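Open the model in your viewer and keep the selection tool at hand. The tour starts with one chain and ends at its contact with a second.

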Amino acid sequence: MSVPVQCRHDETFVLNLGPQHPATHGVLRVKLTMDGEYIVKAEPVLGYIHRMHEKMAEDGNFAQFMPNTARMDYLHALAYNHGYCLAVERAAGIEVPERAEYIRVITVEMNRLTSHLLWWAAFLLDLGGFSPLLYAFDDREQILDLLERITGSRLTYCYFRFGGVYNDIDDEFIAGTYAFIKRLRSRLPRLYHDLVTGNIILIKRLKGIGMLSKEQARRYGCTGPVARGSGINYDVRKNEPYSVYPEFDFDVPVYNECDSMARYMVRMDEIEQSMRIIEQALDKLPDGPVRAKVPKILKPAAGDYWASVETARGNLGHRLVCDGKKNPYKLKLRSPTFSNLSCFGEVAEGMLLADALAFMGSLDLVIPEIDR
Amino acid sequence: MSIVEETRRALLVLFPELAAVEEEARAAAQAEAEIQAAEEAAAAEKDENEMDALLAERDAVRLDAESAKQSVAADEDNLEAAEQEDPAAEKKEKEPEEEGPRENGIVLTDHASRGTDIDVFCDPDQVVAAAGIMDEAGFFLEAITGVDWIKEDKLEVIYDYNQYGQEQCRVVVRTFVSRTEPEIPTIMDVMPSADWHERETHDFYGIRFTGHPNLIPILLPEDADFHPLLKDFTP
């Protein structure tokens with residue numbers, strides 16, 4: 001005779017999610033207090049891949065920190081290159097030639113495409129769909145091949161220099177980029193949107209799940225697609241224009257639904273906007289040098305400087321404190337996902353575990369960037 | 001009024017002396033404007049008298065005088081508006097970015113060369129009030145960090161605030177704490193995002209945020225008793 005299982009709601013248990021769990025994409029651990037399938041309390045535990053980049057910055061001179069910048073957000077490494085270069089150029093008063101600015105924008109936006117494509121693939125893998133990964137990686141490989149031609153690496157780029165970029169782009173790169181954009185444009189509607197975005201299973205898993213209100217997003221300092229999915233029209237490229245972004249015509253996608261689907265849609269729309277920017281930049285690409293003459297050892301004037309850029313995950317800030325010597329006195333890295341993840345505990349409360357994982361995926365976490 | 005000016009005025013609450021000085025300057029400017037306006041009005045009246053002599057019809061004179069008075073009043077308004085903006089500009093010139101020890105106060109910085117717009121320097125016990133003002137003005141917390149000024153034997157604590165508006169306004173709130181007893185009240189009750197930022201700053205600099213309920217290592221190992229970003233740290 002079978003006895004029905006009695007559920008006791010005053011009994012909770014602790015579940016360790018991670019640090020090695022495929023859904024946490026890296027080494028993030030979340031300590032979950034569970035009541036059956038429901039989360040009572042969620043507490044992210046960070047620091048498993050902490051490397052103290054800020055101390056490394058203080059040890060070497062300005063140029064020596066450049067390779068480190070790519071090792072934080074390895075999915076959008078060029079944005080970190082860009083942010084650090086902007087901070088140092090602001091401190092040292094270095095002017096960047098126009099062609100170099102255009103090349104920076106082109107490569108950063110291509111890197112943003114790879115980041116969003118990989119997020120899309122990994123996010124759907126979390127939700128149980130395997131084939132989208134193959135499509136996204138197919139497209140991503142094309143960009144990586146193009147970037148490898150000019151930067152020399154496929155993931156941890158160290159392509160930007162103070163006052164420009166390391167290498168000029170060539171005709172083959174330009175032709176290849178045009179061809180890639182044409183290809184992705186033709187694949188987006190069928191392979192991405194028809195197959196996945198309109199899929200009823202995906203919609204059921206994302207619509208109305210992981211509600212992050214506008215006020216919550218502000219109080220936790222969320223930026224990037226997470227904030228834009230909560231109806232906040234904030235994009236550093238528009239709000240605090242840097243480089244040559246003001247010369248391009250592009251939109252900032254904003255969704256007011258505040259759920260995981262809204263964040264998904266923001267990123268899908270951003271893929272299209274990035275392609276628009278790349279096309280315009282390639283059309284308008286000016287001639288000229290790609291690197292200004294900059295002394296090998298920089299000694300910026302004492303003072304502190306801030307520079308922000310928009311990475312695939314939000315507002316990346318560098319606070320550079322100089323004391324007139326050849327190494328940074330202090331470098332603070334404001335990583336966007338660190339703030340974006342901090343709302344997880346509050347939002348995940350009372351959620352089903354499976355929904356919380358979908359919500360976590362929609363935050364687009366890159367753990368080495370959080371831990372630095 | 002630009003958002004930078006609006007925020008600056010909101011932050012003046014922290015510094016009653018500065019606010020008083022500014023209020024005085026504004027009052028003086030207003031008084032001056034009034035005197036000027038009175039003089040102008042007198043001049044206008046003179047015109048009126050002349051007109052009186054010239055024009056025979058009284059009704060026409062009255063109409064003219066009234067319109068003259070109206071325009072004087074309008075001038076007065078304009079003057080006042082112009083004077084009100086002046087103190088800010090004056091202040092900007094008066095307080096250059098000095099190299100030595102800074103006094104408490106608010107400095108407007110150039111966004112193009114610094115990346116920030118308003119630089120606030122206050123006492124450690126004022127950071128909670130500053131956070132409250134920023135929260136009310138709709139700002140979000142970008143970062144909290146420290147700087148170890150080992151030669152001056154003090155630690156600097158820096159709070160960065162930013163907002164989502166289309167107009168740029170980044171506010172820096174900074175304060176000094178002693179290197180031997182680094183303590184500062186937590187702003188977590190006002191800004192929940194400060195939780196992790198304060199834990200990180202405690203990790204790296206050993207600054208104790210009093211009132212923080214969970215000041216345990218966040219990025220360092222859970223048993224870490226060292227603070228790697230202090231300049232005298234040796235691994």
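Helices here are DSSP runs of H or I with at least four residues, strands are E runs with at least two, and both are numbered from the N terminus. By that count, chain B has 6 helices and 7 strands. Keep in mind that this is a predicted model.

**Stop 1: chain B as a whole**

Select chain B and colour by secondary structure. Walk from the N terminus: the order is α-α-α-β-α-β-α-β-β-β-β-α-β. Now show the surface. The accessible area of chain B is about 12300 Å², and carbon and sulfur atoms hold 51% of it. Of the 235 residues in this chain, 43% are buried. Turn to contacts within chain B between residues at least 6 apart in sequence: 56% of these join residues at least 24 apart.

**Stop 2: strand β5**

Select residues 171-178 of chain B, which form strand β5. Is this strand mostly covered or mostly open? Mostly covered: 6 of the 8 residues in β5(B) are buried.

Add residues 118-121 of chain B, strand β2. Strand β2(B) runs parallel to β5(B), with 4 bridges between them. Then add residues 154-162 of chain B, strand β4. Here the pairing with β5(B) is antiparallel, with 8 bridges.

Which residue of β5(B) is the bridge partner of F121(B)? Pick R174(B). R174(B) is also the partner of I158(B). Show these residues as sticks to follow the pairings.

**Stop 3: where chain B meets chain A**

Bring chain A into view. The contact draws 47 residues from chain B and 42 residues from chain A. Interface size is often quoted as the accessible area lost when the parts come together. Chain B and chain A bury about 3900 Å² between them, with 52% of that on carbon and sulfur atoms. On the chain B side, select Y164(B), W196(B) and L219(B). These residues lose the most area to chain A, together 21% of what that side buries.

**Stop 4: polar links across the interface**

The interface of chains B and A holds 7 salt bridges by the rule used. It also has 27 residue pairs in polar contact, both at pLDDT 80 or more. Zoom in on R372(A) and E200(B): their side chains form a salt bridge, 2.8 Å from N to O.

Finish with the elements on the chain B side. Those giving two or more residues are α4 (111-114), β3 (140-149), β4, β5 and α6 (194-205) of chain B. Select β3(B) last: it supplies the largest share, 10 residues.

Methods:
Residues numbered from 1 in each chain as written. Chains lettered and ligands numbered in written order. Predicted model: local features only at pLDDT ≥ 70, side-chain atom pairs only at ≥ 80, totals over all residues. Heavy atoms only, no water. Buried < 20%, exposed > 50% of the residue type's maximum accessible area, 1.4 Å probe, protein only. Contact = heavy atoms within 4.5 Å. Areas by Shrake-Rupley, 256 points an atom, 1.4 Å probe, with all protein chains shown as cover. Pairing = 2+ DSSP bridges. Buried area = accessible area lost by both parts, 1.4 Å probe. Salt bridge = Lys/Arg side-chain N within 4 Å of Asp/Glu carboxyl O. Polar contact = N/O pair within 3.5 Å; in protein donor to acceptor, adjacent residues only side chain to side chain.
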